[in-house]
Amino acid sequence: MTYETLLVEQRGAVTLITLNRPQALNALNSQLLADLITAFAAFDADDSQRCAVLTGSEKAFAAGADIKEMASQSFADMYGSNFFAGYDKVTATRKPWIAAVNGFALGGGCELAMMADFIIAGDNAKFGQPEIKLAVTPGMGGSQRLTRAIGKAKAMEMCLTGRMMDAAEAERSGLVAKVVAAAELVDEAVKTAEAIAAMAPLAALATKEMVNAAFETTLQQGVVFERRLFHGLFGSEDQKEGMAAFVEKRPGMWTGK
Ligand code: CO8
């Protein structure tokens with residue numbers, strides 16, 4: 001399958017999705033959203049694929065929603081079409097995926113990166129929610145996900161001033177899991193994705209589901225949810241295999257059952 005705005009390749013069990021609108025610094029337009037929805041659905045449905053990496057170019061992960069596409073839209077256009085609600089389908093991806101961010105991740109670009117299960121940044125990455133400079137606000141979850149990631153003080157300051165945060169500050173603030181050299185970003189992210197892809201698939205799905213539940217529920221309900229998923233994995237063949245392999249001092253061989 002080929003896409004107008006993405007490059008997609010499979011590296012073993014890892015799907016590498018590269019945003020590819022270089023002329024617009026990977027600005028997110030409707031075509032790109034449609035392509036992303038298709039690519040993530042294909043990844044989720046393909047049993048041979050276990051983890052995905054979403055990246056951009058060395059200059060820009062994505063410089064935001066496409067301002068030229070949005071500029072002349074009315075309230076009725078935006079509200080009536082539920083503009084960009086399709087990103088909910090990207091966040092509905094059940095398998096783990098990583099955002100590998102080099103360069104600008106601004107506005108919708110920062111928001112797209114934060115939809116990932118975690119972010120790995122190149123040392124040239126710059127994150128920001130500059131929408132206020134356009135007389136609008138974050139609209140793809142930034143006010144919520146950034147606040148949960150780095151806390152109210154920094155999120156409020158970033159959204160109100162529109163300033164950019166560099167990779168070192170993003171790591172200190174808990175926005176990104178780690179920072180690597182920009183030139184090695186994609187290889188490092190794929191290596192991390194390969195490590196995840198090598199885990200028992202049901203345990204990976206359950207892990208993603210329970211960590212995400214921490215953002216949606218109370219501590220007590222979250223702990224119960226975790227315990228139920230943990231109990232449930234004892235119904236899997238891979239749990240028997242994983243624990244037998246530990247005892248027999250050999251690597252586990254997963255069936256995904
Ligand atoms: N949209 C459209 N085109 C863009 C965008 C964008 N967000 N960003 C860059 N481009 C285009 C430029 O217009 C330019 O095109 P052209 O050559 O035809 O003029 C090309 O990309 C290269 O950009 P620059 O020449 O500006 O490159 P610089 O290296 O000088 O600057 C910057 C890079 C600093 C990243 C600069 O391009 C910039 O500030 N971009 C805009 C950043 C921004 O404001 N992003 C937020 C957009 S609003 C948003 O994301 C809202 C999300 C929520 C929507 C939800 C709806 C429900």
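Which residue just after helix 6 takes a positive phi? It's Gly-151, with a phi of about 90 degrees. The model behind this is predicted, so to speak of a local feature a pLDDT of at least 70 is needed, side-chain atom pairs count only at pLDDT 80 or more, and totals for chains, interfaces and linings use all residues. Residues are numbered from 1 along each chain as its sequence is written, and side-chain values use heavy atoms, with hydrogens and water left out.

Helix 6 itself covers residues 142-150 (helices are DSSP runs of H or I with at least four residues, strands are runs of E with at least two, and both are numbered from the N terminus). Its buried residues (under 20% relative accessible area with a 1.4 Å probe, protein chains only; exposed is over 50%, and partly exposed is in between) are Gly-142, Leu-146 and Ile-150. Seen down the helix axis, these fall within an arc of 20 degrees (taken from the directions from the axis to the C-beta atoms), so they line one face of helix 6. An α-helix has 3.6 residues a turn, so residues three or four places apart point the same way. The cover over the buried residues of helix 6 (contact means heavy atoms within 4.5 Å) includes helix 5, helix 7, strand 9 and helix 8.

Next comes helix 7, residues 152-161. Here Ala-155, Met-158 and Cys-159 are buried. They span an arc of only 90 degrees around the axis, which puts them on the same side of helix 7. The face turned away from that side carries the exposed Ala-153 and Leu-160. Strand 8, helix 6 and strand 9 are among the elements covering the buried residues of helix 7. After helix 7 sits Gly-162, with a positive phi near 75 degrees.

Now for strand 5, residues 97-101, where 5 of 5 residues are buried. In a regular strand the side chains alternate between the two faces of the sheet. In strand 5, Trp-97, Ala-99 and Val-101 point one way, while Ile-98 and Ala-100 point the other way. Strand 5 runs parallel to strand 3, joined by 4 bridges (pairing takes at least two DSSP bridges), and Val-53 stands opposite Ile-98. Strand 5 also pairs with strand 7 in the parallel sense over 4 bridges, with Ala-121 as the bridge partner of Val-101.
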